[in-house]
Amino acid sequence: MQAGSDWQPTASTGALKLRATLLARIRAFFTQPNVLEVDTPALSVAGATDPALHSFRTETHGPAPAGGSSLYLQTSPEFPMKRLLAAGAGSIYQLCKVFRDGEAGRYHNPEFTLLEWYRTGYDHFDLMDEVEVLLREVLADVAPIASVDHWTYRDLFLEAAGVDPLTDSVAALEAALLCRGISPPAGLAADDRDAWLDLLLTHVVEPAMGQGLVFIRDYPASQAALARLRPGNPPVAARFEVYLDGVELANGFYELADAGEQRSRFERDNVRRERQGEAVVDVDERLLAAMTVGLPDCAGVALGVDRLVMAAGRYDHIADVICLLYTSDAADDFD
């Protein structure tokens with residue numbers, strides 16, 4: 001953009017109309033099963049401990065109750081929505097802005113729109129079925145889904161990369177990268193197995209997915225985050241991700257309901273953050289208190305709305321579907 005013209009939106013009027021249409025269809029979809037739309041705060045006294053997520057922090061200067069303390073902008077509405085679930089709200093959904101520091105690129109923006117919903121009485125298999133139905137309805141006449149594939153994480157890695165992600169050594173993962181001419185970044189720790197798997201996923205597995213809707217389930221137990229574990233040898237996470245035309249679109253869990261296990265995972269996250277030189281994040285004690293009272297049996301999923309609009313309109317960059325970005329030369333700076 002020329003100097004003095006950076007007030008102009010980066011999205012076209014056509015993209016904004018498409019976005020409005022998809023949002024209206026999403027809300028219409030959730031009126032059918034009587035899922036309650038909720039609106040939770042964007043600010044919290046606790047952030048995300050996940051080492052892969054970086055929360056924005058801000059200071060409040062009073063008055064009480066949070067005077068003089070740090071607050072985090074939500075990376076997801078998951079924690080407050082689970083408090084609503086524990087309070088008896090039943091199945092709920094939310095369309096909201098979320099914020100993640102350090103994320104900028106073709107498919108990333110520090111502020112973006114998320115659709116998140118929770119279905120009581122569902123497991124992750126039930127929720128995968130509902131995700132497919134929603135996407136078929138929302139995209140029906142703009143970008144119909146041509147095909148649907150279901151893979152386990154293990155089978156997809158075996159097919160695309162020739163390695164077993166649950167049992168093969170880091171040396172085998174590295175060899176699978178090197179034989180394809182992919183050099184791991186300097187400083188990638190040999191004991192950080194999940195980082196090696198992520199590298200294979202983004203550089204080998206994702207490019208092999210092709211077009212259509214792809215569901216991946218049964219992630220390694222070390223990548224369970226807030227999901228239950230399914231017994232097996234080895235056990236796997238009751239987690240799934242959804243890809244549309246090779247782009248990650250959604251992440252879902254059969255939700256962990258054990259407050260003690262969740263606390264242990266938060267603490268392990270912070271140990272890893274400290275080891276990586278990152279700031280330790282305050283644990284959400286209110287979430288843990290709600291889980292102690294009792295989280296209903298449920299499954300939840302978060303879906304990136306901006307990426308959905310990109311897919312529906314065949315847009316190449318997230319700047320094409322968001323009204324205004326932060327930088328004056330957004331299309332060039334966000335690569």
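**Salt bridges in a predicted model**

Let me start with one pair: Lys82 and Glu78 form a salt bridge, and their closest N and O atoms are 2.8 Å apart. Please keep in mind that this is a predicted model.

Why are these two residues about one helical turn apart? Both sit in helix α2, which covers residues 78–86, and there are four residues from one to the other, so the separation is about one turn. Lys82 has 0% relative accessibility and therefore counts as buried. Glu78, at 11%, counts as buried too, because the cut-off is under 20%. The pair also belongs to a network of salt bridges, in which Glu78 and Lys82 are linked with Glu255.

In general, side chains of opposite charge can pair when their charged atoms come close. How many salt bridges does the structure hold? The count is 18. I will show two others.

Next, Arg106 bridges to Asp316, with 2.8 Å between the closest N and O atoms. Arg106 is in the loop between β5 and β6, while Asp316 is in the loop between α9 and α10, so this pair ties together parts that are 210 residues apart in sequence. Arg106 is partly exposed at 38% relative accessibility, and Asp316 is partly exposed at 48%.

Last, Arg230 and Asp218 form a salt bridge with closest N and O atoms 2.7 Å apart. Here Arg230 belongs to strand β9 and Asp218 to strand β8, so the bridge ties together parts twelve residues apart in sequence. Is each partner buried or partly exposed? Arg230 counts as partly exposed, at 28% relative accessibility, whereas Asp218 is buried, at 11%.

Conventions
Residues numbered from 1 in each chain as written. Predicted model: local features only at pLDDT ≥ 70, side-chain atom pairs only at ≥ 80, totals over all residues. Heavy atoms only, no water. Salt bridge = Lys/Arg side-chain N within 4 Å of Asp/Glu carboxyl O. Buried < 20%, exposed > 50% of the residue type's maximum accessible area, 1.4 Å probe, protein only.
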